[in-house]
Amino acid sequence: MSWHPDDAYDAAALSREEAAEVVAPTAVLDELRAAVERAPSAARWARRHGVGPGYLADVLSGRPPGGKILAALGIGRAYVRGKSCSSGRSAASSTPSSWGYS
């Protein structure tokens, strides 16, 4: 089922170079850690991207990242329907493997 009334639109969007890529939660955390390491300090990275240093520390410790952190990494959220989402895991869990993404 398409989100757009014209299935050809979806096919064209997916065939473009900038088509979406699925990123695993562990990869998000790895990208965040690398980005923070490139910054002069974690606090400076947090301020630059509009989040608090404490919140950044929580995310680096496993809290699911919010929109500002994801946007800073160029990553968006996706909503997926299917068996992989029916595990009953809480999205607020503290480990990337249980953020509710598969």
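Start by selecting Leu56, which sits in helix 4. The model on screen is a predicted one. Is Leu56 buried or exposed? Its relative accessibility is 1%, so Leu56 counts as buried; the cut-off for that label is under 20%.

Now show what surrounds Leu56. Leave out neighbours within four places in sequence, and Leu56 is in contact with Leu32, Val36, Ala42, Trp45, Ala46 and Ile69. Pick Val36 from that list. Draw a distance between the C-alpha atoms of Leu56 and Val36: it reads 9.4 Å. Along the chain, these two residues are 20 residues apart.

Next, bring up two helices together. Select residues 25–38 for helix 2 and residues 53–60 for helix 4. Their axes come within 10 Å. The crossing angle is roughly 135 degrees. Angles over 145 degrees would count as roughly antiparallel, and 65 to 115 as roughly perpendicular; helix 2 and helix 4 are therefore oblique to each other. Which hand does the crossing have? Helix 2 passes helix 4 in a left-handed crossing.

Show side chains where the two helices meet. On helix 2, select Leu29, Leu32, Arg33 and Val36. On helix 4, select Leu56, Val59 and Leu60. These residues make the contact. Colour them by class: six are nonpolar, none is polar and one is charged. Leu56 turns up here again, as part of the helix 4 side.

Move to Val51. Where is this residue placed? Val51 lies in the loop between helix 3 (42–48) and helix 4. With a relative accessible area of 10%, Val51 is buried. Its contacts, again without neighbours within four places in sequence, are Trp45, Ala46, Lys68 and Ile69. Select Ile69 and draw the C-alpha distance to Val51: the separation is 7.6 Å. Val51 and Ile69 are 18 residues apart along the chain.

Keep Trp45, Ala46 and Ile69 on display. Each is in contact with Val51, and each is also in contact with Leu56.

Finally, zoom out to the whole protein chain. How many helices and strands does it have? There are five helices and zero strands. Read along the sequence, the pattern is α-α-α-α-α. Colour by burial: buried residues make up 24% of the 102 residues. Switch on the surface. The accessible surface comes to about 7200 Å², and 54% of it belongs to carbon and sulfur atoms. For a last view, turn to contacts with a separation of 6 or more: residues 24 or more positions apart account for 46% of them.

Technical notes
Residues numbered from 1 in each chain as written. Predicted model: local features only at pLDDT ≥ 70, side-chain atom pairs only at ≥ 80, totals over all residues. Heavy atoms only, no water. Axes fitted to C-alpha atoms, helices over the stretch in contact; angles between N-to-C directions. Helix = DSSP H or I, 4+ residues; strand = E, 2+ residues; numbered from the N terminus. Parallel < 35°, antiparallel > 145°, perpendicular 65-115°, else oblique. Left-handed = near helix turned anticlockwise from the far one by under 90°. Contact = heavy atoms within 4.5 Å. Nonpolar A, V, L, I, M, F, W, Y, C, P; charged D, E, K, R; others polar. Buried < 20%, exposed > 50% of the residue type's maximum accessible area, 1.4 Å probe, protein only. Areas by Shrake-Rupley, 256 points an atom, 1.4 Å probe, with all protein chains shown as cover.
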